[in-house]
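Open the model in your viewer and keep the selection tool at hand. We will go stop by stop.

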Number of protein chains: 2
Amino acid sequence: MTDLERDHSEPPDCLSIVSQVTNSTRAGKRERLAGAAVRVLHEQGVEKTTLADIARAADVPVGNVYYYFKTKDQLIEAAIEAHGHHLQTMLDELGRLAEPQDRLKALLRGWIGERDLTAQYGCPTGTLASELDKRDDGLDRAIAKVMGRLLAWVEEQFAAMGRTDAKELAVALFASYQGVALLTNTFRDPDLMATEGARLERWIDSLT
Amino acid sequence: MTDLERDHSEPPDCLSIVSQVTNSTRAGKRERLAGAAVRVLHEQGVEKTTLADIARAADVPVGNVYYYFKTKDQLIEAAIEAHGHHLQTMLDELGRLAEPQDRLKALLRGWIGERDLTAQYGCPTGTLASELDKRDDGLDRAIAKVMGRLLAWVEEQFAAMGRTDAKELAVALFASYQGVALLTNTFRDPDLMATEGARLERWIDSLT
DNA sequence: GTCTATACATAGATAGAC
DNA sequence: GTCTATCTATGTATAGAC
């Protein structure tokens with residue numbers, strides 16, 4: 001077991017279930033920290049969130065955090081990656097639908113389904129991007145990458161619908177969602193999201 | 001002059017030009033602080049901005065800030081008010097245009113004209129709202145009020161165009177702007193804003 | 001590997017000289 | 001009214017016992 005520790009930046013929990021069984025306290029602490037960070041950063045924002053907040057949410061002692069992450073920034077980066085993975089899984093599932101317009105509408109439905117959470121805390125991706133863009137470290141590029149993948153996926157769907165202006169339509173759709181998420185959050189009104197979502201569904205139908 | 005100080009929460013500079021002439025150093029420090037705060041908060045965000053940053057930008061000694069504002073929150077609130085005033089002035093000017101659709105398109109043009117600044121720092125109103133919504137103090141309500149006035153103005157224009165779904169359209173337009181501002185900022189690409197702005201202008205034309 | 005104690009830096013806020 | 005010095009709190013990060 002000791003020979004595994006040569007690379008400190010690649011902690012034990014990457015080797016799946018095995019370590020989760022061998023350790024008495026349910027392991028995967030690194031993943032737990034990253035997962036908790038996703039949630040807490042969404043709720044509180046980056047600057048307001050302390051390492052203690054994340055450690056508490058992950059049920060890990062504060063001082064222990066630095067065994068898994070050298071800095072707060074690295075923990076945030078891991079959270080962004082975890083969030084990116086989550087989004088990718090979602091897109092993969094939507095990919096099972098046959099028609100591209102059905103995929104887009106299913107995406108919209110998913111967003112609408114989260115409208116109460118959005119009213120409380122905004123879009124997880126959007127609020128993170130907004131906040132990280134005010135910083136000089138490279139974290140703003142990390143979240144931009146995640147958003148870029150989402151946008152590219154939307155563009156692919158429009159392209160599959162035979163639209164030559166797929167990029168422009170993708171920006172329009174994604175911007176509408178991001179914008180209404182911001183308004184929903186600012187006015188604490190989930191109905192805004194539901195109404196605008198329905199309008200966007202009709203818009204997608206009108207394109208075919 | 002001393003009898004004016006009974007209410008400390010209503011500082012001297014509210015009484016216009018007079019004090020600006022009598023004081024050697026060009027006065028209106030309270031306004032200067034609030035104005036500088038608007039700019040710095042837009043560039044750096046609320047949490048990352050220190051009172052020292054604002055004081056420096058306003059060319060006022062740090063310790064002096066507390067003569068004009070009891071807390072950082074009060075300074076931020078003053079900045080929100082100043083920003084709201086600025087927006088109101090802009091809307092008043094747009095009101096001179098005869099046709100409501102021209103007013104809306106002029107608003108869009110104004111936003112597009114700011115696309116480089118938006119790519120750097122995002123929409124001043126939107127980024128502020130996003131960040132303040134993560135806080136428990138009442139500042140999120142203050143910025144919501146400002147955004148509410150803007151949204152109401154847009155709705156009035158659609159209503160003047162004879163649309164019964166003015167509210168829905170206002171949310172759609174404003175959300176599109178806020179969303180594309182976020183994308184423009186995240187991807188550091190002013191062209192996104194220009195393209196989507198042009199699309200929205202065509203959309204407004206199509207409504208008449 | 002885990003956890004406590006603590007060093008270190010920074011920012012908000014206050015006291016009080018001028 | 002203006003400005004400096006400083007108190008106090010908090011948060012990141014490290015040292016080192018276990």
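The tour runs from the chains to a helix and then to two cysteines.

**Before you start.** This is a predicted model: local features need pLDDT of at least 70, side-chain atom pairs count only at pLDDT 80 or more, and totals for chains, interfaces and linings use all residues. Residues count from 1 along each chain as its sequence is written, chains are lettered from A and ligands numbered from 1 in written order, and side-chain values use heavy atoms, without hydrogens and water.

**Stop 1: both chains.** Colour chains A and B. A rotation of 180° with 0.0 Å of shift along its axis lays chain A on chain B, with an RMSD of 0.0 Å. The fit is by least squares on C-alpha atoms of residues with pLDDT of at least 70 in both copies. That is how a two-fold axis relates them.

Now select A:Gly179. In chain A, its C-alpha is the nearest to the axis, at 1.9 Å. Both copies use the same surface: 100% of chain A's contact residues (heavy atoms within 4.5 Å) recur in chain B.

**Stop 2: helix H10 of chain B.** Select residues 166-186 of chain B. Helices here are DSSP runs (H or I, at least four residues), numbered from the N terminus. H10(B) has 21 residues and spans 30 Å from first to last C-alpha, close to the 30 Å expected at 1.5 Å a residue. That expectation is 1.5 Å times one less than the number of residues.

Is H10(B) mostly covered or uncovered? Mostly covered: 19 of its 21 residues are buried. Buried means under 20% relative accessible area, exposed over 50%, partly exposed in between (1.4 Å probe, protein chains only).

Step just past H10(B) to B:Arg188, which has a positive phi of about 50°.

**Stop 3: the cysteines.** Select A:Cys123, buried at 5% relative accessible area. Then pick B:Cys123, also buried, at 4%. How many disulfides are there over all chains? The count is 0, where a disulfide is a pair of cysteine sulfur atoms within 2.5 Å.

Methods. Helix = DSSP H or I, 4+ residues; strand = E, 2+ residues; numbered from the N terminus.
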